[in-house]
Amino acid sequence: MPDKSIEQTVKELMVERLFLKIAPEQIADDTEIMEELGVDSVSVFEIVVGLEESFGISFGDDEFRIETFRTPKSIADYVRRKLEGPQG
Amino acid sequence: MIPRDEPFFFISGGRRLFGAWQGSDGPARFALLFCHPFGEEKKSSHRAFVETARALAAESVASLRFDMTGCGDSEGDFDRAGLPFWRADIAAAWAELSRRAGAASRALLGLRLGATLAADSLDRLEGVGALVLWQPVVDGKEEFDAELRRLLIQEMMTHGRSGTERRDLMAAFERGEHELELDGYPITPALYREIGGLRLAEKRARFPQRTGLLQFARRAPRIEAFAKGEPSIDARMIDVPLIWARTDFIPGATEGRRLAQEGVLPWLT
C-alpha cells in the first residue's frame with residue numbers, strides 16, 4: 001500500500017470515527033491531533049480500533065506511546081512499521 | 001392520579017431507587033423502560049435519554065428512566081452492588097412502569113451494558129412487547145478487556161507511555177493484589193466475574209418478536225456479527241455520535257427526535 005494512502009486512510013478513519021466536522025483533506029500530515037483536533041483518550045481508543053480494523057495490525061500493550069499519536073504522519077509511520085515488521 | 005412528569009423514588013430489595021416518569025402527550029399507546037449503561041457511560045448518555053424520552057412523549061410513548069443500585073441518585077454503593085442487584089432493580093422498575101402504563105403496550109430499551117442486562121432480565125419480566133438494544137455489549141469478557149485497554153491509553157496520555165500489560169494487570173487483580181478502577185468506579189472481582197460471564201447470544205431465545213438493535217455510526221464487528229447471526233433481529237444504524245462515550249457532544253431536541261424516530265419507534269409500531 002503506497003505511503004500516501006496510509007496517511008489518507010488515517011485521516012478518513014479519524015473523521016469518521018471521531019465525528020469530526022471537517023473533511024479528511026483539511027487535516028495536514030503534521031496536524032497535532034491532540035492540541036488541534038481535541039483528541040482525548042476516548043478518541044485515541046477509537047483510532048486504535050480503527051487502525052486495527054483497517055490495516056489488520058494489532059497494538060501491543062507496551063506499544064502505547066504518546067509520540068505515536070501526535071500527528072497523522074506519526075500514526076502512519078507506526079502503521080508502516082507494523083506492516084513491514086516480522087509480525088505485520 | 002399520577003402526574004404527567006414526575007421524579008420519584010421506588011423500592012427495590014429495600015433500597016430506594018430514583019425514577020423519572022415521562023408521561024405522554026395524550027393517552028399513552030406505549031410505555032418504555034430505559035436501562036442505563038454504567039460508570040462514565042451512564043453520565044455521558046444521560047442527556048440523550050432525557051431528550052429521547054421527551055421526543056417519545058410527543059409520539060404517545062410514556063417512559064420511565066431510573067438509576068440502578070449504587071448509581072446516580074439511588075441508594076447503595078457501586079462497589080457493593082452488582083448484577084443480582086441490578087437484575088432486581090430492572091424487575092422493580094418494570095413493575096413500576098407496568099403500574100403506571102395503564103393499557104399501554106410495554107417495551108424495554110437498554111444502552112451498552114444496560115442493553116445486555118435488559119436482555120438478561122427478560123425471563124423475569126412479564127409482558128415485554130418489544131426489546132430495543134442500543135449498541136449492546138455482546139460479550140462481557142471482551143468488553144472488560146477493551147476497558148482495560150482504555151486504562152492503558154489513559155496511562156499513556158498521563159505518563160507518555162503505558163507501563164503495564166493487561167495480562168499482568170489481570171493476574172494481580174485476580175490474586176487480590178491489585179485493585180481495579182475504571183474511571184474512578186471500583187471493580188470488584190465478583191463484578192468482574194459477573195460481567196465477564198455475560199453473553200448476549202445466550203439470551204436470544206427469550207427475545208420478543210419485536211427486537212431491534214441500533215448500532216451507532218461506526219464499525220462494530222462484534223455487534224454486526226451478532227445481528228447477522230440472528231435474522232429475526234432488525235438491526236439498524238444511526239448517524240449520531242457515540243452518546244455514551246463523548247463528553248464533548250451534548251444531544252439536544254434534534255438528536256432526541258432522531259433517536260426516538262430511528263432508534264425506538266420502528267420497533268414499537
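1. In this predicted model, helices α4(B) and α6(B) are oblique to each other, because their crossing angle falls outside the ranges that count as roughly parallel, antiparallel or perpendicular. The axes of α4(B) and helix α6 (residues 189-196) of chain B cross at roughly 125° and come within 7 Å. On the α4(B) side the residues that meet the partner helix are Gly140(B), Lys141(B) and Phe144(B), and on the α6(B) side they are Tyr192(B), Ile195(B) and Gly196(B). Sorted by class, this contact of α4(B) with α6(B) holds 3 nonpolar, 2 polar and 1 charged residues.

2. The contact between the chains also involves α4(B). Chain A supplies 13 residues to this contact and chain B supplies 18 residues. Within the side of chain B that touches chain A, helix α4 (residues 140-159) of chain B gives the most, with 7 residues. That side of chain B is made up of 9 charged, 6 nonpolar and 3 polar residues.

3. As to its overall make-up, chain B contains 9 helices and 10 strands. Its radius of gyration is 18 Å, close to the 18 Å that the globule rule gives for 269 residues, so chain B is as compact as a globular protein of that length. Taken along the principal axes, the box filled by the C-alpha atoms of chain B is roughly 60 × 40 × 35 Å.

4. An open sheet of 8 strands is present in chain B, with mixed pairing and with the strand order β1-β2-β4-β3-β5-β6-β9-β10. Its edge strands are β1 and β10 (234-238) of chain B, each of which pairs on one side only. Between neighbouring strands of this sheet the turn is 25° on average, direction ignored.

5. At the β1 edge of the sheet, strand β1 (residues 5-12) of chain B and strand β2 (residues 15-22) of chain B run antiparallel and are joined by 8 bridges. The register can be followed through individual pairs, including Asp5(B), which stands opposite Gln22(B) in β2(B), and Ile11(B), whose bridge partner in β2(B) is Arg16(B). The hairpin of β1(B) and β2(B) has 2 residues between the strands, and Gly13(B) takes a positive phi near 60° there.

6. The next pairing in the sheet is that of β2(B) with strand β4 (residues 61-66) of chain B, which is antiparallel and extends over 4 bridges. Here Gln22(B) has Ser63(B) in β4(B) as its bridge partner, while Trp21(B) stands opposite Leu64(B) in β4(B). Gln22(B) thus appears in both pairings, with Asp5(B) opposite it and with Ser63(B) as its partner in β4(B).

7. Which strands of the sheet does α1(B) touch? Helix α1(B) packs on the sheet against β2, β3 (30-35), β4 and β5 (105-111) of chain B, and the direction of α1(B) makes about 160° with that of β4(B). Helix α8(B), for its part, lies across β6 (130-134), β9 (210-216) and β10 of chain B, and runs at about 160° to β10(B).

8. These two helices also meet each other. The axes of helix α1 (residues 40-57) of chain B and helix α8 (residues 253-263) of chain B cross at roughly 70° and come within 7 Å, which means that α1(B) is roughly perpendicular to α8(B). The crossing of α1(B) and α8(B) is right-handed. From α1(B), the residues in the contact are Ala48(B), Glu51(B), Thr52(B), Arg54(B), Ala55(B) and Leu56(B), and they meet Ala253(B), Glu255(B), Gly256(B), Arg257(B), Leu259(B) and Ala260(B) in α8(B). The residues of this contact of α1(B) with α8(B) divide into 6 nonpolar, 4 charged and 2 polar.

9. A further helix pair is formed by helix α2 (residues 83-101) of chain B and helix α3 (residues 113-120) of chain B, the axes of which come within 10 Å and cross at roughly 70°. With that angle, α2(B) is roughly perpendicular to α3(B). Trp86(B), Arg87(B) and Ile90(B) of α2(B) make the contact together with Leu117(B), Ala118(B) and Asp120(B) of α3(B). By class, the contact of α2(B) with α3(B) has 4 nonpolar and 2 charged residues, and no polar ones.

Key
Residues numbered from 1 in each chain as written. Chains lettered and ligands numbered in written order. Predicted model: local features only at pLDDT ≥ 70, side-chain atom pairs only at ≥ 80, totals over all residues. Contact = placed C-beta atoms within 7 Å. Nonpolar A, V, L, I, M, F, W, Y, C, P; charged D, E, K, R; others polar. Pairing = 2+ DSSP bridges. Axes fitted to C-alpha atoms, helices over the stretch in contact; angles between N-to-C directions. Parallel < 35°, antiparallel > 145°, perpendicular 65-115°, else oblique. Left-handed = near helix turned anticlockwise from the far one by under 90°. Rg over C-alpha atoms; globule rule 2.2 N^0.38 Å.
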